[in-house]
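Subject: Structure handover

Hello,

Here is the structure for you to take over. My notes on what was found follow below it.

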Amino acid sequence: MDKKTLFGNIQRKASFLCVGLDTDLAKIPSHLLKEADPIFAFNREIIDKTADFAVAYKPNIAFYEALGPKGWESLQKTLEYIPKDIFTIADAKRGDIGNTSKLYAKAFFEQMDFDSITVAPYMGKDSVSPFLEFKDKWVILLALTSNEGSKDFQVLGTEGGKPLFQQVLEKSQQWGTDDNLMYVVGATRGEKIAEVRKYAPDHFFLVPGVGAQGGSLEEVAKYGMNKSCGLLVNSSRGIIYASEDKDFGDRARVEAEKLQQEMAKLLEQYC
Ligand SMILES: O=c1ccn([C@@H]2O[C@H](COP(=O)(O)O)[C@@H](O)[C@H]2O)c(=O)[nH]1
């Protein structure tokens, strides 16, 4: 999917919502555990109930690979079930020396047909470029993450005096374009999002951290939105575990719609 199509979907749905599929056997309603594939049964219901409001789905790969071969099977079925006009993100946070990155890219872009993958930038150009060589696929590079530990390295000054996240943003724009490269920027970063936007004015940001992590959607839009929206805001637990009972799909729909309604207003205001 190209950037123009993604923005078209955002306008059509008046939404920049990404629903995170962090599906955990220990948290899904117990009646689903009788199903042959409880993870897929849960995801199918979540997708059915939230697809009207979502422009992206983001399965976090850890939740699937932790279950071994069965988890990979549930992931593949989930990916195939997601409507084709909805952007898909493999939140895998990969990246290694070039020949290994190439195989990670083949796994997520060829064996599975994800639109994008999250990648850690810290091994540099040769670790990121193999992902960018795939036509019509996206790399989503970690820039300024939502967790407490982001302060350990990402905001520290480098030799040239620039914080590491700024170096990542500036350097990586020599490797890809705003039509195949996005950045992860945490919703918990508040005004810092404006600083990130300054260094990457045209790129999309994947923004986790609203909902369970307490980030503010209003602040994200105020500081991060650009003329093509430029934002995919993720909520995982806040939507998919709104209820741990049989009504989980309906409750997920309510939470997704609430976010979409707020997003519609923010698009009017800032885009
Ligand atoms: O900086 C980051 C990068 C990735 N994540 C991932 O996003 C979701 C957030 O889940 P919530 O339940 O909405 O908090 C999860 O998969 C994280 O691994 C992030 O939170 N921050």
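Helix α1, residues 3–13, lies across strands β2 (54–59), β3, β5, β6 (181–185) and β8, and it runs at about 115° to β2. Please keep in mind that this is a predicted model.

The strands

The strands that α1 lies across belong to a closed barrel of eight strands, in the order β1-β2-β3-β4-β5-β6-β7-β8, with parallel pairing. Neighbouring strands of this sheet are turned by 30° against each other on average, with direction ignored. In general, the strands of a sheet pair through backbone hydrogen bonds, and the pairing is either parallel or antiparallel.

Two of the pairings can be given in detail. Strand β1 (residues 17–21) pairs with β2 in the parallel sense over five bridges. One residue to look at there is L21, whose bridge partner in β2 is P59. Strand β2 is mostly covered, as six of its six residues are buried.

Further round, β4 (residues 116–119) and β5 (residues 138–144) also pair in the parallel sense, over four bridges. Here I117 has V139 in β5 as its bridge partner.

The annotated lysine

The UniProt entry, which is unreviewed, lists K93 under "active site". K93 is found in strand β3, residues 87–94. Is K93 buried or exposed? Its relative accessible area is 42%, and because buried means under 20% and exposed means over 50%, K93 counts as partly exposed.

As for its surroundings, the side chains of K93 and D91 are joined by a polar contact of 2.7 Å. Leaving aside neighbours within four places in sequence, K93 is in contact with N60, T118, V119, A120 and L142. Of these contacts, T118 and V119 fall within the residue range of β4, and L142 within that of β5.

Helix α10

Helix α10 spans residues 217–224, and its buried residues include L217, V220, A221 and G224. Why are these four on the same side of α10? They cover an arc of only 100° around the axis, so they share one side of the helix. The general background is that an α-helix has 3.6 residues a turn, so residues three or four places apart point the same way.

The buried residues of α10 are covered by elements including α9 (192–199), β7 (205–207), β8 (231–235) and α12 (248–270). Two of these elements, β7 and β8, are strands of the barrel.

Regards

Methods
Residues numbered from 1 in each chain as written. Predicted model: local features only at pLDDT ≥ 70, side-chain atom pairs only at ≥ 80, totals over all residues. Heavy atoms only, no water. UniProt positions renumbered as here; feature names shortened; annotations may be inferred. Helix = DSSP H or I, 4+ residues; strand = E, 2+ residues; numbered from the N terminus. Buried < 20%, exposed > 50% of the residue type's maximum accessible area, 1.4 Å probe, protein only. Contact = heavy atoms within 4.5 Å. Polar contact = N/O pair within 3.5 Å; in protein donor to acceptor, adjacent residues only side chain to side chain. Arc of directions from axis to C-beta. Pairing = 2+ DSSP bridges. Axes fitted to C-alpha atoms, helices over the stretch in contact; angles between N-to-C directions.
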